[in-house]
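Visitor: Please show me the model. Then take me through it, one point at a time.

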Amino acid sequence: MEKSMERENIIKKLESELNGVEKLSDLANVKAMFLGREGIVTKLSSKMKEIPNEEKREYGKFLNEIKNEVEEKINFKFQELSDKELKEKLIKDAIDITLPGRKIKKGSLHPLTRITEEFEDLFVSMGYTVYSGVEVESDENCFQKLNIPKGHPARDAQDTFYLKDEFENFLLRSQTSTAQARAMEENTDKGPIRIICPGKVYRRDEDATHSHQFMQIEGLVIDHDVSMADLKGTLELFCKKILGEKTKVRFRPSFFPFTEPSVEVDVTCFKCGGRGCNLCKDTGWIEVLGAGMVHPNVLEMGGYDSKKYQGFAFGTGIDRFAMFKYAIPDIRTIYANDIRFLSQFDRKDVD
Ligand code: PHE
């Protein structure tokens, strides 16, 4: 057969075979049919030995050309099918990215954190800074520098969680007032101070309204010309802002070793508005703060000249405010980490 005819026939056959191939896996059969051991092109090559020597060269060229053309066409088909199959796979495996994701349940701030932040915002807006102090405090800062020497009866209710051995002069602070001594000492230039100190304190108590660990917030202002009027104005504002403008505030004389004069501050009962109910034990008032003018001894022990400086201090229980504000009957639930309690404070503005 004329070589060009033969070549044309082979290519035609190849093209018609390739036309019928729709899957990559079937392409291997066509490849074997032409280039495999028994393949059409392979068989042509084996004819070489029958070709007279002078024609061998040209026959070799013919063989090469036909082999190249067959390979090229098969490769082209291979590429075409690969692209097609990839495209199909991508379409099949596509993810619908417009589907909304699963919602993550958001937690919310603990009621104590909320109240603390409310206090902080208010006092920072009045020029105070937030001071944290330490929870493991020295006997000196917790008591002695607050005018409560060893053996003083005021310790009885508070000398609770002491450390052992070489740390026996340290205890878990029983009141944030320790921050007063610490802040005065740290303020080495002995200039004015205006801080609040929120944090945990520890005592021996344990009942529905007392926990061995609870939170207080301390305030301390030291400056020239600070008077009881400043203290009253500050605390009235504080109570009204936190508990509502209608709240009335009452100051009763009291005693704290580190303030002189000392007061206790009552507010009109937020449940009954002052008429009398079970919450205020029919008095119409609820005690919320201890406060007073910083005792000159405390100023002096803190390195301040009590002739040039005065100060006022106040302390209140954050838990108490939380209990009143959110009508929580038992303080221990605040620390129980029970999700049924905590989820009642979930943010309602977001879901
Ligand atoms: N530390 C006092 C208490 O725990 C409260 C207080 C603070 C009183 C500051 C006066 C001045 O009861």
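Guide: Helices (H or I, at least four residues) and strands (E, at least two) are DSSP runs, numbered from the N terminus. This is a predicted model: local features need pLDDT of at least 70, side-chain atom pairs count only at pLDDT 80 or more, and totals for chains, interfaces and linings use all residues. Residues are numbered from 1 along each chain as its sequence is written, and side-chain values use heavy atoms, with hydrogens and water left out.

Visitor: What is the mean pLDDT of the protein chain?
Guide: pLDDT is the predictor's confidence in each residue, from 0 to 100. In the protein chain, 98% of residues reach 70 or more. The mean is 91.

Visitor: Which element has the lowest mean pLDDT?
Guide: Where pLDDT is low, the predicted coordinates should not be read in detail. Helix H9 (residues 296-301) has the highest mean, 98. The lowest, 86, belongs to helix H10 (residues 318-325).

Visitor: How far apart along helix H7 are Arg182 and Glu186?
Guide: Arg182 forms a salt bridge with Glu186 (a side-chain nitrogen of Lys or Arg within 4 Å of a carboxyl oxygen of Asp or Glu). Their closest N and O atoms are 3.6 Å apart. Helix H7 spans residues 178-186, and the two are separated by about one helical turn because they are four residues apart.

Visitor: Is Glu186 buried or exposed, or partly exposed?
Guide: Buried means under 20% relative accessible area, exposed over 50%, partly exposed in between (1.4 Å probe, protein chains only). Arg182, at 21%, is partly exposed. Glu186 has 46% relative accessibility, so Glu186 counts as partly exposed.

Visitor: Which residue forms a salt bridge with Glu8?
Guide: Side chains of opposite charge can pair when their charged atoms come close. Glu8 lies in helix H1 (residues 3-20), with its partner four residues away. The closest N and O atoms are 3.9 Å apart, and the partner is Lys12.

Visitor: Which residues are joined into one network by salt bridges?
Guide: The structure holds 20 salt bridges. One of them joins Asp305 and Lys308 (3.9 Å, N to O). Bridges that share partners link Arg250, Arg252, Glu264, Asp266 and Glu287.

Visitor: How much of the ligand does the protein bury?
Guide: The ligand is surrounded by 14 residues (a heavy atom within 4 Å), with Gln175, Ser177, Arg203, Gln216 and Glu218 the closest. A ligand nitrogen is 2.8 Å from an N or O atom in the side chain of Ser177. Polar side-chain atoms of Arg203 and Gln216 each lie 2.9 Å from a ligand oxygen. Taken alone the ligand exposes 330 Å², and the protein buries 89% of that.

Visitor: Where is Asp225, with its positive phi?
Guide: Phi of Asp225 is near 55°, and this residue is not glycine. Its relative accessibility is 69%, so Asp225 counts as exposed. Asp225 lies in the loop between strand E5 (213-223) and helix H8 (228-243).

Visitor: What is phi of Asp282?
Guide: Asp282 sits in the loop between E7 and strand E8 (285-294). Asp282 counts as exposed, at 62% relative accessibility. Asp282 is not a glycine, yet phi is positive, about 65°.

Visitor: Which residues does a cis peptide bond join?
Guide: Omega is about -5° at this bond. One partner, Pro261, is in strand E7 (residues 259-268). The cis bond joins Glu260 and Pro261.

Note on methods: Polar contact = N/O pair within 3.5 Å; in protein donor to acceptor, adjacent residues only side chain to side chain. Areas by Shrake-Rupley, 256 points an atom, 1.4 Å probe, with all protein chains shown as cover.
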